[in-house]
Amino acid sequence: MGYVAIRGGESAIAAAARLLDVLRAQAGGDPIGVETIRHQLGRLVDRVCGEGGCWHPQLAALAIKQASGDTLEAAFLLRAWRSTRPRLSATAPHRGTDLRVVRRISSAFKEIPGGQILGPGSDYLQRLFSYELLDEDPDKFRAIAKDFFGEEWPGRGTDSASDTVPKVLDALRAQGLLAQPRPPLPAVDITREPITFPCPRPAALAAMTRGESGGLLAMAYTTMRGYGYLHPTVAELRYGFLPIMLPHPVSGELVEAGEVPVTECEIVTLHGKDDPEDAPPSLGLGYGCCFGHQETKAIAMAMCDRSLQNGAQHGVRHPAEDGEFVLMHIDGIESMGFCSHYKLPHYVTFQSDLDNLRKSRGKLDHPGAAEAVFTDPEQIPDGDEL
Amino acid sequence: MTAASTSSTVSAANTGAGDHFGFLDAFAKRELRRASFKALCIPGYQVPYASREMPIARGFGTGGLQLSLSLLTPEDTLKVIDQGADDSVNAVNLRRFILATCPGVAATTRTTAASVIQTRHRIPETPLHAGQIMVYQVPFPDPLQIIEPSEAKRRRMHAEVDYARLLVRLYEDLVRFREVAITNRYPARVAGRYVIDPSPIPRWDLPKLNRSHAIHLFGAGREKKIYAVPPMTTVEPLAFSDVPFQVEAFTDDEGGRHRCARCGAGDSYLDEIVLPDGGRRWQCNDQDHCDSHREESLR
Amino acid sequence: MIRMNELSTPVPPAAPLAETRLPIIAARGLTRIHGPGCLRCLESTGGTTGRNLCPHCRSVVAVAGVSFDLHPGEILGVMGESGSGKSTLVRLLHLDDRPTSGTAHWRGTDEGGHALEVELTACDAAQARWLRDRRFGMVYQNPHLGLNFQVTAGGNIAERLLTAGEGSFRAIRDRALSLLDRTEVPRNRVDHKPGHFSGGMQQRLQIARALAPRPQLLLLDEVTTGLDLSVQARILDLILEIQRRTRVAMIVVTHDLGVVRLLAGRTLVMRHGRVVESGITDQILEDPQHPYTQQLVSSAL
């Protein structure tokens with residue numbers, strides 16, 4: 001029988017996996033090292049950690065290797081692993097002011113307390129090829145960091161050069177142009193509690209920080225292009241290292257358990273309308289934060305956050321103001337999975353479709369036969385009642 | 001460890017689950033069981049739950065998989081089918097994951113021998129008996145999704161038993177196509193109250209849910225909902241009183257019914273097979289049923 | 001406290017006397033304030049103040065102290081310019097909004113035809129839904145509010161019938177065609193979507209849809225506004241014809257003197273959320289007492 005496309009069973013699955021492996025290796029060369037991926041494809045690792053909802057750069061690098069660089073597959077591997085991990089503890093809310101900053105910029109003010117720190121970034125580089133990377137000399141490669149850090153390298157990186165700085169928002173708050181922070185709402189672990197709508201802001205932020213970068217960017221871009229004109233200003237964008245404080249198991253005292261690189265963005269919009277109607281107009285705040293160095297995602301998230309808050313307060317007028325519309329469609333693992341599932345056989349349902357279509361066409365071809373379903377208009381009494 | 005061994009050989013050791021029976025941790029299983037009990041207590045009501053991320057993609061049966069993993073004990077006998085077949089790739093994939101993480105559980109292809117049957121798109125032709133649990137993989141848990149995109153609004157509609165717009169859809173189909181054009185996922189009212197999406201089973205299978213002896217549990221992993229049809233519960237397809245609900249007819253050119261080319265059955269759901277010469281052949285979709293029927297007729 | 005504009009004596013309905021003298025709607029002191037509200041809201045708005053925005057708390061007094069009786073088979077006109085509160089009043093009666101204070105008592109029948117009374121301002125969501133689905137009909141100025149443009153004319157009527165529990169396809173089809181006949185929508189349009197209908201036909205379809213479950217109360221909000229005069233006349237005739245045949249009680253909201261003159265036995269004249277004058281329509285139009293009504297009538301002449 002030639003039709004048994006899906007009845008391949010165990011041996012077909014094994015063969016598919018083997019072929020995938022062959023694709024990776026068929027050109028020869030050296031296997032790529034996980035440590036190399038981790039350090040030289042850092043943005044990719046950051047993205048996979050972010051979408052995977054878990055800061056584990058080593059496993060993220062492994063995932064990237066195993067998935068041949070497919071970010072969705074890699075994030076999926078990390079998530080599936082993550083969901084087998086127990087939740088040991090929950091941290092107290094962290095403060096952005098504790099971030100040890102490598103880079104921070106504000107497009108709101110020229111001079112800011114602590115100063116603008118351009119740091120690493122490609123914004124002002126011309127996107128021209130560096131052809132010397134085609135065949136990079138290992139010695140020259142190692143000399144890059146050594147030249148920069150001097151005798152202290154290895155053992156010292158950009159993280160040790162960083163320090164905390166005050167937030168731009170605090171200056172705006174001091175002038176009364178931005179509402180004082182409200183007491184934090186309890187955090188929602190969206191991996192343990194289902195999101196229901198209307199969705200509390202902590203759950204929305206959690207969903208967005210795990211969101212697929214491209215999906216989130218598309219949603220945010222709608223708000224920039226006129227589907228809910230936000231008129232945002234980046235009050236502050238910062239990338240750095242956030243100390244993770246955990247309660248000591250015995251004393252309960254907070255102790256630094258490590259640090260995580262994060263990108264944090266705060267946007268402000270004119271007339272936030274967060275305040276009661278009789279209060280003077282003030283700025284609205286949008287917040288974004290994600291693992292690693294992912295500036296576009298952090299900004300997009302901040303814009304979506306502002307947009308969702310607008311929708312919650314004034315009713316939904318644009319797609320990106322609708323919590324359900326945004327949050328249910330930005331998850332890369334879910335959307336990728338569902339999109340892929342259409343590759344599964346659907347021939348039971350398609351057979352049902354065909355049966356229905358044939359029946360329907362048969363009936364419409366013979367109008368007489370259809371009268372069994374329909375009332376003959378002539379037979380309707382021209383009754384007096386309404 | 002090569003990529004091939006990672007993805008083709010599943011064992012408890014490399015699922016990351018450690019010693020957990022059934023892959024999921026105890027808290028996840030407890031939540032799933034509680035949601036299942038609640039679903040059985042309120043037939044047809046969609047119970048939200050925190051669907052875990054599984055090592056199998058969303059849309060490939062993670063809802064059903066989580067239900068099976070939370071239900072199975074080492075004494076159970078499991079059957080997994082996809083499109084009526086036990087050896088289709090997705091069924092194989094799910095079965096070997098479950099068997100690897102649930103040591104002691106036996107696998108079967110016999111409908112009558114299984115205590116838990118996980119399925120995608122079909123209900124077995126062989127009648128189910130008391131004590132069996134059907135687990136369905138559900139892409140869209142809400143029958144109202146075809147007329148209302150917002151879940152918040154749909155929850156309200158269910159609460160108010162507001163199904164008129166769904167019936168309007170049937171009315172419009174009858175006017176336009178002379179047929180209700182919902183071919184699978186046909187909405188059905190459970191115990192006279194909630195209308196459910198019975199998962200993408202064909203209309204042919206829907207009557208099997210009515211007053212069934214088995215427990216029917218529906219798990220939507222991506223949409224994070226569980227709902228149920230308890231044993232001996234009425235399940236009525238949504239229909240007008242004077243336009244009866246109809247199942248697939250498999251009418252041949254002479255107006256008769258196609259029969260299975262393999263076992264000769266004239267009372268089963270059929271696959272249409274397009275032959276290399278352009279001809280068509282019809283064959284039972286339910287593999288186990290077809291095999292049993294063939295054995296019987298040979299005997 | 002809230003000023004009551006209660007009618008001093010029950011006014012006999014202009015239409016032929018109904019089976020019972022008990023009103024189908026008895027509204028007393030209906031008030032709706034948008035905003036925080038304060039103790040001075042009512043005294044600072046309406047009447048000679050010439051505004052409905054409270055200067056003390058910035059609340060909008062949309063409707064204040066409106067009382068009236070509506071009898072079975074009667075058509076009550078509610079006349080006023082935009083911002084007078086007439087649409088808010090209709091929203092309160094249709095249970096789309098809740099009053100800040102006041103009561104509205106509905107008398108009708110339950111599914112079994114037995115007498116049933118519901119306090120509209122205190123009913124729960126399920127009751128409100130039941131009333132809207134089976135006892136009330138609403139026709140909007142904007143046909144997009146009253147019709148589903150995604151489904152056919154027949155489907156629009158079917159939705160109301162299905163909501164009210166009708167389960168027979170043939171019965172729905174029959175009733176849809178008969179309602180189209182009654183509202184002068186050609187039968188051969190039954191399977192067409194309302195987007196292709198003229199404005200007048202859309203309004204007639206809205207009326208057909210509203211009438212589908214045989215409601216006991218029909219609310220008509222500016223249903224002829226924006227239509228050509230000849231189209232308006234046809235719809236007004238239709239409304240009178242429906243009232244003659246079905247004896248359904250109606251509240252007709254309009255800014256148009258001509259509409260109340262033709263349809264309404266009695267009329268409330270509203271301004272700044274208050275009823276400034278009420279009584280038999282002919283009397284109001286011939287001999288207006290309130291300066292605002294006098295101004296309206298004279299400007300219409």
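Two residues are in contact if their C-beta atoms, placed from the backbone, lie within 7 Å. The legends below describe views of a predicted model.

**Figure 1. The contact between chain C and chain B in the predicted model.** Chain C contributes 16 residues to this contact, and chain B contributes 13 residues. On the side of chain C that touches chain B, two or more residues come from each of helix H2 (125-135), helix H4 (153-163) and helix H5 (169-182) of chain C. Of these elements, H4(C) gives the most, with 6 residues. By chemical character, this side of chain C divides into 6 nonpolar, 6 polar and 4 charged residues.

**Figure 2. An open sheet of 4 strands in chain C.** Read across the sheet, the order of the strands is E2-E1-E4-E5, and their pairing is antiparallel. Strands of a sheet pair through backbone hydrogen bonds, either parallel or antiparallel. Strand E2 (60-70) and strand E5 (115-119) of chain C stand at the edges; each has a single partner strand, so one side of each is left without a neighbour in the sheet. From one strand to the next, the twist averages 20°.

**Figure 3. The pairing of strands E4 and E5 of chain C.** Strand E4 (residues 101-109) of chain C and E5(C) run antiparallel and are joined by 5 bridges. One residue pair may be followed by name: C:Thr109 has C:Ala115, in E5(C), as its bridge partner.

**Figure 4. The fold of chain B.** This chain has 7 helices and 12 strands. Along its principal axes, the C-alpha trace of chain B spans about 60 × 55 × 35 Å. A compact globule of 299 residues would have a radius of gyration near 19 Å, and the 20 Å of chain B agrees with that expectation. Of the 299 residues of chain B, 51% count as buried. Contacts also link distant parts of the sequence: among those in chain B between residues at least 6 apart in sequence, 61% join residues at least 24 apart.

**Figure 5. The contact between chain B and chain A.** Here 55 residues of chain B meet 54 residues of chain A. Several elements of chain B each supply at least two residues of the side that touches chain A: helix H1 (3-8), helix H4 (89-101), helix H5 (151-159), helix H6 (164-177) and strand E11 (270-274). H1(B) gives the most to this side, with 5 residues. The residues on the side of chain B that touches chain A divide into 24 nonpolar, 16 polar and 15 charged.

**Figure 6. The two domains of chain A and the contact between them.** Chain A is divided into domain 1 (10-82) and domain 2 (96-129 + 163-335). The C-alpha centres of domain 1 and domain 2 of chain A lie 29 Å apart. In the contact, 13 residues of domain 1 of chain A meet 13 residues of domain 2 of chain A. On the side of domain 1 of chain A that touches domain 2, helix H3 (42-52) and helix H5 (71-82) of chain A are the elements that give two or more residues. H3(A) gives the most to this side, with 7 residues. The residues on this side of domain 1 of chain A divide into 6 nonpolar, 2 polar and 5 charged.

Key
Residues numbered from 1 in each chain as written. Chains lettered and ligands numbered in written order. Predicted model: local features only at pLDDT ≥ 70, side-chain atom pairs only at ≥ 80, totals over all residues. Rg over C-alpha atoms; globule rule 2.2 N^0.38 Å. Buried ≥ 20, exposed ≤ 12 C-beta atoms within 10 Å, placed from the backbone. Domains from an automatic or database assignment. Nonpolar A, V, L, I, M, F, W, Y, C, P; charged D, E, K, R; others polar. Pairing = 2+ DSSP bridges. Axes fitted to C-alpha atoms, helices over the stretch in contact; angles between N-to-C directions.
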